[in-house]
Amino acid sequence: MTNPGWIVLAWLVVAFASAVKFWSITRPYRDKTTPTRAYTVDEARQRLERSWRNDSKV
């Protein structure tokens, strides 16, 4: 019979590979959501209002 440690090691390798794949797939979303610069409260409000207006037109 095989050593149970090898089975655990195999599962750890699969879990690590899955985490790396998930991280690479979600990179565009993370890049999109990180602000390039800090907004003032008024700029953020105006940006949200424009977004809401555009969404309500649909």
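This passage describes the confidence of a predicted model and the salt bridges found in it.

The mean pLDDT of the chain is 86, and 91% of the residues reach 70 or more. Confidence varies among the elements of the chain: helix H1, spanning residues 4-25, has the highest mean pLDDT, at 95, whereas helix H2, spanning residues 27-33, has the lowest, at 81. Where pLDDT is low, predicted coordinates should not be read in detail.

The count of salt bridges comes to 2. One of them links the side chains of Asp-42 and Arg-45, with an N to O distance of 3.9 Å. These two residues lie in helix H3, which covers residues 41-56, and their spacing of 3 residues corresponds to about one turn of the helix. A salt bridge also forms between the side chains of Arg-45 and Glu-49, with an N to O distance of 3.3 Å. Arg-45 and Glu-49 are 4 residues apart in helix H3, so about one helical turn separates them. Through the partners that the salt bridges share, Asp-42, Arg-45 and Glu-49 are joined into one network.

The accessibility of the residues in this network was also computed. Asp-42 has a relative accessible area of 46% and is therefore partly exposed. Arg-45, at 38% relative accessibility, likewise counts as partly exposed. For Glu-49 the relative accessible area is 29%, a value that lies between the 20% limit for buried residues and the 50% limit for exposed ones, so Glu-49 is partly exposed.

Key:
Residues numbered from 1 in each chain as written. Predicted model: local features only at pLDDT ≥ 70, side-chain atom pairs only at ≥ 80, totals over all residues. Heavy atoms only, no water. pLDDT = per-residue confidence, 0-100. Salt bridge = Lys/Arg side-chain N within 4 Å of Asp/Glu carboxyl O. Buried < 20%, exposed > 50% of the residue type's maximum accessible area, 1.4 Å probe, protein only.
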